[in-house]
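Q: I am new to this structure and would like a close look at a single part of it, the nonpolar core and what surrounds it. Please take me through it with care.

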Amino acid sequence: MARRSMRLVEFGKPFQLTKEEVPTAPKGGAVVKTEYAGVCHSDVHLMDGHYPIPLNTVLGHEIAGTVHDIEPGQDLKVGDRVAVHFRCGCGDCSRCEVGERIACLRGVKQDLGSTDDGGFSDYVIIPDVRLLVKEEKLTTAREAGCDGTLMWGKDVDDDTAVTEAKKICGSLGGFAAAIDFVNVAATFERIEKILAEGGMHVLVGLMGVGAPASVPLMPYVMSCHQMASLRVGSLPQLKDLMALVAQGKIKPPPISHHPLENVYDVLVDLKAGKVKGRAVVKL
Ligand SMILES: [Zn+2]
Ligand SMILES: [Zn+2]
């Protein structure tokens, strides 16, 4: 079977479907047959050319699938289900060794889904097997319920969103922490309104479309709120997350599945704020 890839050939333009030979594992690496690839706001920034990446690449950095090819003698074998950490780093410096590949001391900026081909493809070349996290219960995420999820989209006005969120906190009056995966002005304002005194606002990932957002300083200071940011999770954090998912402790947001050929249209919808929950390419 050939390998289909959706390639970014021009910034801001639809991807091009290409067909290639199925790759083989590089030395020390593997080839993963993609099962799922998350469609992320970072991909919107990348496809619009907000960051200097080479053209003709395949986006998609949130990858899960099965090992298709790997050198014998590794901990993993063909057919194992894995999640992929997309930040490669050099793999050998003291930061990379502990999985903090985003902070590679040698400054190696090699990422699957931007500098190197990513998950919007049937197969992904993994340069280093240590980027793979084995997981036998990937289906858990699909099966977990999502009751109790509060929709916070544009169609919910500020007052309703804040009132509904505070209701969940009961007598606590507010949340001890809020993790913001969107990072736009609207989420900044709402989060400042729902955090308890001394609460923590955590920013995950890049700024959302339409940024810059600004922190509402007065409530932030008066309520002793704290802020922290995490651009990309580390390899150990991915392992922890996979363990939590396997234990059924993570309730995912609503997930919609889309065919590979539609990924550009899904990204356009994501950019327009039309995607509720997470959109995932299913191969
Ligand atoms: Zn992402
Ligand atoms: Zn390194």
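A: A nonpolar core is a set of buried Ala, Val, Leu, Ile, Met, Phe, Trp, Tyr and Cys residues joined through side-chain atoms within 4.5 Å, where buried means under 20% relative accessible area, exposed over 50% and partly exposed in between, with a 1.4 Å probe and protein chains only. The model is predicted, so local features need pLDDT of at least 70 and side-chain atom pairs count only at pLDDT 80 or more, whereas totals for chains, interfaces and linings use all residues. Residues are numbered from 1 along each chain as its sequence is written, chains are lettered from A and ligands numbered from 1 in the order in which they are written, and side-chain values use heavy atoms, with hydrogens and water left out.

The largest nonpolar core has 20 residues, and those with the most contacts inside it are Phe15, Val39, Leu59, Phe120, Val263 and Leu267. At least two residues of this core come from each of β1 (3-8), β3 (30-39), α1 (41-47), α8 (263-271) and β13 (278-282); helices (H or I, at least four residues) and strands (E, at least two) are DSSP runs, numbered from the N terminus. Helix α8 gives the most to this core, with five residues. In soluble globular proteins, nonpolar side chains tend to be buried together.

Within this core, valine 39 is found in strand β3 and is buried, with a relative accessible area of 2%. Leaving out residues up to four places away in sequence, valine 39 touches Glu62, Phe120, Val263, Val266, Leu267, Leu270, Arg278, Ala279, Val280 and Val281, contact meaning heavy atoms within 4.5 Å. By comparison, the C-alpha atom of valine 39 is separated by 30 Å from that of lysine 166, 127 residues apart along the chain. Leucine 267, when its neighbours within four places in sequence are set aside, is in contact with Phe15, Val39, Cys40, Asp43, Val44, Met47 and Phe120. A second, separate core of 17 residues includes Ile63, Val84, Leu132 and Val232.

Two residues already named among these contacts, Cys40 and Glu62, lead to the metal. The zinc ion (ligand 1) is coordinated by Cys40 (SG), His61 (NE2) and Glu62 (OE), at 2.1 to 2.3 Å. Donors here are N, O and S atoms within 2.8 Å of the metal (3.2 Å for Na, K and Ca), and sites may look incomplete because water is not among the atoms. Along the chain, the donors of this zinc ion follow the spacing C-x20-H-E. Cysteine 40, in the loop between β3 and α1, and histidine 61, in the loop between β4 (57-58) and β5 (62-70), are 21 residues apart, and the pair links distant parts of the chain. Cysteine 40 is buried, with a relative accessible area of 14%, and histidine 61 also counts as buried, at 8% relative accessibility.

Strand β1, which supplies residues to the largest core, also belongs to an open sheet of three strands in the order β2-β1-β4, with antiparallel pairing; two strands pair if DSSP finds at least two bridges between them. The edge strands are β2 (16-20) and β4, each pairing on one side only. Between β1 and β2, which run antiparallel, there are five bridges, and methionine 6 stands opposite leucine 17 in β2.
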